[in-house]
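Here are some notes for a colleague who is opening this entry without having seen it before. They are set out as numbered points, to be read beside the sequence and the structure.

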Amino acid sequence: MNLDTHEPVAENLGVLETAALLRELTAVLLDTTDFDEALTRLVIVARDAVPGVTWCGFTALRAGEPAGVAASDPRLAELDDLGHGPDSPAMSAVHRREMVLSADLATEERWPAWTARARTLGVRGVLAAPVDVDDHVIGAINLYADTPDALTARRQLTAMLLAEHAGLLLAGVRGRARRTALADEIDESLLQEGVVGQAIGVIMTQRGCPAPEALQVLRSAASALSIPLREVAERLVVTVSRSRGA
């Protein structure tokens with residue numbers, strides 16, 4: 001779609017405003033590994049930070065199937081799911097890989113059933129921008145206005161930047177989730193491994209701490225001494241065995 005560039009220059013420049021939005025979005029998504037929680041945080045930040053936007057939703061698909069929906073107002077969540085099939089702004093944005101705008105739903109003809117329901121819920125304008133997360137997840141961020149023509153060129157530009165930035169941040173969320181899951185698997189494997197498991201048991205007994213904390217003590221020692229974790233465990237077990245035999 002082409003942006004309307006006939007608005008005053010001041011309306012097209014919300015540089016500081018957009019920078020603040022992206023900064024806030026980065027801050028709230030950097031500390032989570034839960035994708036659904038990240039989507040919820042995203043739609044709330046976008047709703048509150050983009051002028052003219054009354055509600056915000058996100059439609060996420062994994063390998064062509066619905067992976068999740070988030071809505072700043074649960075009452076409007078149905079507008080973001082796949083209940084309307086391909087006939088919705090979100091799915092149009094996903095399929096066309098470009099931003100989709102309806103400034104005034106009173107004259108909209110592309111999604112009849114969706115539009116009728118949206119107007120019943122008080123929506124008067126919608127903008128959907130595609131979001132590329134990674135090779136397995138794509139989606140669209142959906143901005144809703146309760147007055148016609150509220151989604152101006154400036155808001156359209158903000159939405160484009162928001163979608164691009166959100167894709168990068170959500171990819172980070174999924175990456176951290178994968179690394180956390182892998183680390184948990186490694187930890188579980190180490191806890192069950194011979195000498196490392198014995199060393200963890202020794203630390204748990206000495207410190208009265210749980211196994212994950214004991215494993216972290218071993219890791220810290222290995223890092224400080226610049227030697228492999230297994231060697232630290234072996235040294236600890238040998239030392240304790242000798243002291244018991246003395």
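1. How many of the eight residues of strand S1 (residues 55-62) are buried? The model is a predicted one, and in this model seven of the eight are buried, so that strand S1 is largely enclosed by the rest of the structure.

2. The partner of this strand is the next thing to look for. S1 pairs with strand S5, which covers residues 137-145, and the two run in the antiparallel sense over eight bridges. To find the register, one may begin at Gly57, which stands opposite Asn142 in S5.

3. Helix H2 spans residues 15-29, and its 15 residues reach 21 Å from the first C-alpha to the last, which is close to the 21 Å expected at 1.5 Å a residue. Within H2, the residues Thr18, Leu21, Leu22, Leu25 and Leu29 are buried. They cover an arc of only 90 degrees around the axis, and therefore lie on the same side of H2. On the face of H2 that is turned away from this buried side, the exposed residues are Leu16, Arg23 and Ala27.

4. The salt bridges deserve a careful look, and the structure holds 10 of them. Arg41 forms one with Asp31, where the closest N and O atoms are 2.7 Å apart. Because Arg41 lies in helix H3 (residues 35-49) and Asp31 in the loop between H2 and H3, this pair ties together parts that are 10 residues apart in sequence. The two residues may also be described by their accessibility: Arg41, at 23% relative accessibility, counts as partly exposed, whereas Asp31, at 57%, counts as exposed.

5. Arg41 has a further salt bridge, with Glu37, and here the closest N and O atoms are 2.4 Å apart. Arg41 and Glu37 are four residues apart in helix H3, which means that about one helical turn separates them. Glu37 counts as partly exposed, at 33% relative accessibility.

6. Another salt bridge is found in helix H9 (residues 229-245), where the side chains of Glu231 and Arg235 meet at 2.8 Å, N to O. Being four residues apart in H9, Glu231 and Arg235 are separated by about one helical turn. Glu231 is partly exposed, with a relative accessible area of 29%, and Arg235 is partly exposed as well, with a relative accessible area of 45%. As for the pairs of the two preceding points, salt bridges that share partners join Asp31, Glu37 and Arg41 into one network.

7. The aromatic residues make up a separate topic, and the structure holds two aromatic pairs. In one of them, the rings of Trp111 and Trp114 have their centres 6.0 Å apart and their planes at 75 degrees, so this pair is edge-to-face. Trp111 and Trp114 are both buried. Ring pairs also bring in Tyr144, so that Trp111, Trp114 and Tyr144 are linked into a cluster.

8. A last contact to inspect concerns a charge and a ring. The charged end of Arg174 sits over the ring of Phe35, at 6.0 Å from the centre of that ring.

Technical notes. Residues are numbered from 1 along each chain as its sequence is written. This is a predicted model: local features need pLDDT of at least 70, side-chain atom pairs count only at pLDDT 80 or more; totals for chains, interfaces and linings use all residues. Side-chain values use heavy atoms; hydrogens and water are left out. Rings of Phe, Tyr and Trp (its six-membered ring) pair if their centres lie within 6.5 Å; planes under 30 degrees apart count as stacked, over 60 as edge-to-face and the rest as tilted. Buried means under 20% relative accessible area, exposed over 50%, partly exposed in between (1.4 Å probe, protein chains only). A charge sits over a ring if NZ of Lys or CZ of Arg is within 6 Å of the ring centre and within 35 degrees of the ring normal. The expected span of a helix is 1.5 Å times one less than its number of residues. The arc is that of the directions from the helix axis to the C-beta atoms. Two strands pair if DSSP finds at least two bridges between them. A salt bridge is a side-chain nitrogen of Lys or Arg within 4 Å of a carboxyl oxygen of Asp or Glu.
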